[in-house]
Amino acid sequence: MRTGFAAMYNMEQLPLLFPNGTQTKQPLAYDATGKNWDHHFLAAFTQYVDSVKMPDGSIRKEYVIYDEMGPGVLYRQQMNAWYDRSKIPNGWLAWGEPNQPRADANICYYFDDEKEPRINMHLKDFFGTKNKPFTEPLAFVDSGYLFANLYYPFAYKKG
């Protein structure tokens with residue numbers, strides 16, 4: 001079975017179903033309190049908070065929004081982000097309180113027990129369609145800066 005770019009390049013295999021036993025998942029933001037705070041980073045996006053010890057001995061918090069055990073491929077990501085007009089550096093801010101930890105955030109991806117993130121980019125750069133390989137047609141930001149999609153496949157063996 002083809003995965004990643006190989007699966008995306010071979011459109012003739014779509015929309016065939018994957019073999020029996022294949023799991024497909026779609027983690028998404030939702031407010032478990034039922035108060036419709038789907039846009040609230042801590043309530044809706046964050047699965048858990050991890051503490052990472054930095055080389056200088058300081059501790060950095062990382063807000064984990066996706067954590068799956070593999071093998072697998074992460075194919076699609078959407079960030080409901082609004083262009084911030086309140087002068088917060090770097091320009092991206094999801095709707096809600098400006099003091100949430102995602103107001104000036106990097107998005108990091110660790111795969112297969114890596115100690116350093118394979119991806120460590122500012123939110124606006126990762127979803128901004130300007131940095132290769134995260135460019136069109138695999139990346140899209142709507143004209144009103146309400147949301148961004150990325151269809152770049154991230155394959156992993158363990159998680």
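**Figure 1. Phe 126 counts as buried, at 0% relative accessibility.** The model shown here is predicted. Tyr 109 also counts as buried, at 9% relative accessibility. The structure holds eleven aromatic pairs. In one of them, the rings of Tyr 109 and Phe 126 have their centres 5.7 Å apart. Their planes stand at 40°, so the pair is tilted. Why does this pair tie together parts that are 17 residues apart in sequence? Tyr 109 lies in strand E7 (residues 106–109), while Phe 126 lies in helix H3 (residues 123–126), so the contact between the rings links these two elements.

**Figure 2. Tyr 152 and Phe 154 form a tilted aromatic pair.** Centre to centre, the rings are 5.0 Å apart. The angle between their planes is 55°. Are the two partners buried or exposed? Tyr 152 is buried, with a relative accessible area of 18%. Under 20% counts as buried. Phe 154 is buried too, at 5%. Both residues belong to one aromatic cluster, which also takes in Tyr 109, Phe 111, Phe 126, Phe 127, Phe 134 and Tyr 156.

**Figure 3. The largest nonpolar core has 19 residues.** Those with the most contacts inside this core are Tyr 109, Ile 119, Phe 126, Phe 127, Phe 134, Leu 150 and Phe 154. Which elements give two or more residues to the core? They are E7, strand E8 (119–122), H3, strand E9 (139–141), strand E10 (148–150) and strand E11 (154–156). Ile 119 gives a close-up of the packing. Leaving aside neighbours within four places in sequence, Ile 119 is in contact with Ile 107, Cys 108 and Tyr 109. Its contacts also include Phe 126, Phe 134 and Phe 154.

**Figure 4. Thr 129 sits in the loop between H3 and E9.** Thr 129 counts as buried, at 15% relative accessibility. Beyond neighbours within four places in sequence, Thr 129 is in contact with Phe 134, Thr 135, Glu 136, Ala 139, Phe 140 and Val 141.

**Figure 5. Cis peptide bonds precede Pro 133 and Pro 137.** The bond from Lys 132 to Pro 133 is cis, with omega near 5°. The bond from Glu 136 to Pro 137 is cis as well, again with omega near 5°. Where do these prolines lie? Pro 133 is in the loop between H3 and E9. Pro 137 is in the loop between H3 and E9 too. Glu 136, on the N-terminal side of the second cis bond, is among the contacts of Thr 129.

**Figure 6. E4, E10 and E9 make an open sheet of three strands.** The order is E4-E10-E9, with antiparallel pairing. Which strands stand at the edges? Strand E4 (77–79) and E9 do, each with a single partner strand, so one side of each is left without a neighbour in the sheet. Neighbouring strands are turned by 10° against each other on average, direction ignored. Three bridges join E4 to E10. Met 79 stands opposite Ala 148 in E10.

**Figure 7. E1 and E2 form a hairpin with five residues between them.** Six bridges join strand E1 (residues 48–53) to strand E2 (residues 59–64). The two strands run antiparallel. Tyr 48 has Val 64 in E2 as its bridge partner. In the turn, Gly 57 has a positive phi of about 95°.

**Figure 8. Asp 112 and Asp 113 have positive phi values.** Phi of Asp 112 is near 50°. Phi of Asp 113 is near 65°. Each is a residue other than glycine. Asp 112 lies in the loop between E7 and E8, and so does Asp 113. How does accessibility class these residues? Asp 112 is partly exposed, with a relative accessible area of 24%. Asp 113 counts as exposed, at 58%.

**Figure 9. The protein has three helices and eleven strands.** Along the sequence, the pattern is α-α-β-β-β-β-β-β-β-β-α-β-β-β. Of its 159 residues, 33% count as buried. Among contacts between residues at least 6 apart in sequence, 45% join residues at least 24 apart. The protein exposes about 10,900 Å². Carbon and sulfur atoms supply 55% of that area.

Notes. Residues are numbered from 1 along each chain as its sequence is written. This is a predicted model: local features need pLDDT of at least 70, side-chain atom pairs count only at pLDDT 80 or more; totals for chains, interfaces and linings use all residues. Side-chain values use heavy atoms; hydrogens and water are left out. Rings of Phe, Tyr and Trp (its six-membered ring) pair if their centres lie within 6.5 Å; planes under 30 degrees apart count as stacked, over 60 as edge-to-face and the rest as tilted. Helices (H or I, at least four residues) and strands (E, at least two) are DSSP runs, numbered from the N terminus. Buried means under 20% relative accessible area, exposed over 50%, partly exposed in between (1.4 Å probe, protein chains only). A nonpolar core is a set of buried Ala, Val, Leu, Ile, Met, Phe, Trp, Tyr and Cys residues joined through side-chain atoms within 4.5 Å. Contact means heavy atoms within 4.5 Å. Two strands pair if DSSP finds at least two bridges between them. Axes are lines fitted to C-alpha atoms, for helices over the stretch in contact, and angles run from 0 to 180 degrees between N-to-C directions. Accessible areas come from the Shrake-Rupley method with a 1.4 Å probe; for residues, only the protein chains shown count as cover.
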